[in-house]
Each structure stands twice: as structure tokens, then as C-alpha cells.
Amino acid sequence: MVTTIDDLLARAREGVHRPGPAEAHRAQRSGALLVDIRPAAQRAAEGGIPGSVVIERNVLEWRLDPTGGHRIPEATGHDVEVIVVCSEGYASSLAAASLRELGLHRATDLDGGFVGWAAAGLPTQPGT
């Protein structure tokens, strides 16, 4: 049996609450870690979210594994609330599922991604 990307995405999102932009913004203000996984070229073109942590997708698990030697200082334990952000909310769902497999049980992603955040009129910073 072949798995399609739609199947994989549905499994990644199954039973997971994905906050929309306003809810993610409130969570960020309350201490949630907003992690932008978009590549540099995409961030340069679209802009960014003030206060987010930029970790490109190819090193995400290494930077957020609280038991790993390559983690960022914010990766203090498995209870950290992580909201992953990509451009439109697809790649971030797969990334958040991978983080949950590492034991980061509060990892989720921003429904609508950066595009949804900007469309909601939430704070952004220009790209470079």
C-alpha cells in the first residue's frame, strides 16, 4: 500500500489542536516558543514574526531535542509549548509531528502559517 502526502498530512494532524493566528499570538505572548522553519529565501521574501525563533527545517529536531547536544537554550524539556510556523501550514504539520515523536508532546503548528498570520494583521517584520 502506498501512502500519499495527503495521508501523511492527515495522520500528522490527527487529534492535534492547531491554533490559528490570533490564538498562536496569545500563546507566544504567554511564553510559547514560535519556531519559524521556513528557508532563508522564503523569510526574505515574505517577512518574519517578531519574537519567533528561526530554525530551518533540516536541523529542527537537533535544535529542539531537550536531551541532545545541539539543542537551543529554549529547549529546556519535553513540556515546552512549541508552535511551528511555515509559509502556509503544511510543512509545519509534518515537522510538529516529528517533534511529538521526540517527546515534545505540546508541539503543534500554526494553522495557515505565516501567510495566515500576516493576513490576520498580526505583527510582522519585513524580509531582507
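Which residue just after H5 takes a positive phi? In this predicted model, the residue is Gly 103, with a phi of about 100 degrees. The description below starts with the sheet, moves to the helices and ends with the empty spaces.

The sheet is open and has four strands. Their order is E2-E1-E3-E4, and the pairing is parallel. E2 and E4 form the edges, each pairing on one side only. Strand E1 covers residues 33–36. Its pairing with E3 is parallel and runs over four bridges. Its pairing with E2, residues 53–54, is also parallel and rests on two bridges. Val 35 takes part on both sides of E1. Opposite Val 35 in E3 stands Val 84, while in E2 its bridge partner is Val 53. From E1 the chain passes through helix H3, residues 40–46, before reaching E2. This β-α-β crossover is right-handed.

The side chains of E1 alternate in direction. Leu 33 and Val 35 point one way, and Leu 34 and Asp 36 point the other way. All four are buried, the charged Asp 36 included.

Helix H5 spans residues 91–101. Its buried residues are Ser 92, Ser 93, Ala 95, Ala 96, Ala 97, Ser 98 and Leu 99. These buried positions pack against two helices, H1 (5–13) and H4 (60–64). They also pack against two strands, E3 (82–85) and E4 (108–109). Ser 93 gives a closer view of this packing. Ser 93 lies in H5. The residue counts as buried because its relative accessibility is 1%, against a cut-off of under 20%. Beyond its neighbours within four places in sequence, Ser 93 contacts Leu 9, Ala 12, Arg 13, Arg 18 and Asp 109. Of these, Leu 9, Ala 12 and Arg 13 fall within the range of H1, and Asp 109 falls within E4.

Arg 43 belongs to H3, the helix of the crossover. Not counting residues up to four places away in sequence, Arg 43 touches Asp 36, Arg 38, Val 54, Glu 56 and Gly 127. Among these partners, Asp 36 is a residue of E1 and Val 54 is a residue of E2. Arg 43 and Phe 114 are 71 residues apart along the chain, and their C-alpha atoms are separated by 9.4 Å.

Arg 43 also helps to line the largest pocket. The volume of this pocket is about 150 Å³. Its lining has 15 residues. Those nearest the centre are Arg 43, Gly 47, Gly 48, Val 54 and Gln 125. Val 54 is thus named both at the pocket and among the contacts of Arg 43. By class, the lining holds five nonpolar, seven polar and three charged residues.

Enclosed space was also examined. Rolling a probe the size of a water molecule over the atoms shows where empty space is left. One cavity of 30 Å³ or more was counted. The largest cavity holds about 30 Å³ of space. Its lining consists of Leu 33, Leu 64, Glu 74, Ala 75, Thr 76, Gly 77, Val 80, Val 82 and Leu 104. Six of these residues are nonpolar, two are polar and one is charged. Several elements named above contribute to this lining. Leu 33 comes from E1, Leu 64 from H4 and Val 82 from E3.

Definitions and conventions. Residues numbered from 1 in each chain as written. Predicted model: local features only at pLDDT ≥ 70, side-chain atom pairs only at ≥ 80, totals over all residues. Heavy atoms only, no water. 1 Å grid on protein atoms, 1.4 Å probe; cavity = no way out; pocket = protein on both sides within 12 Å on 5 of 7 lines; lining within 4 Å. Points joined across faces, edges and corners; volume = space filled by probe spheres on them. Buried < 20%, exposed > 50% of the residue type's maximum accessible area, 1.4 Å probe, protein only. Contact = heavy atoms within 4.5 Å. Pairing = 2+ DSSP bridges. Right-handed = clockwise from strand over helix to strand, strands pointing away.
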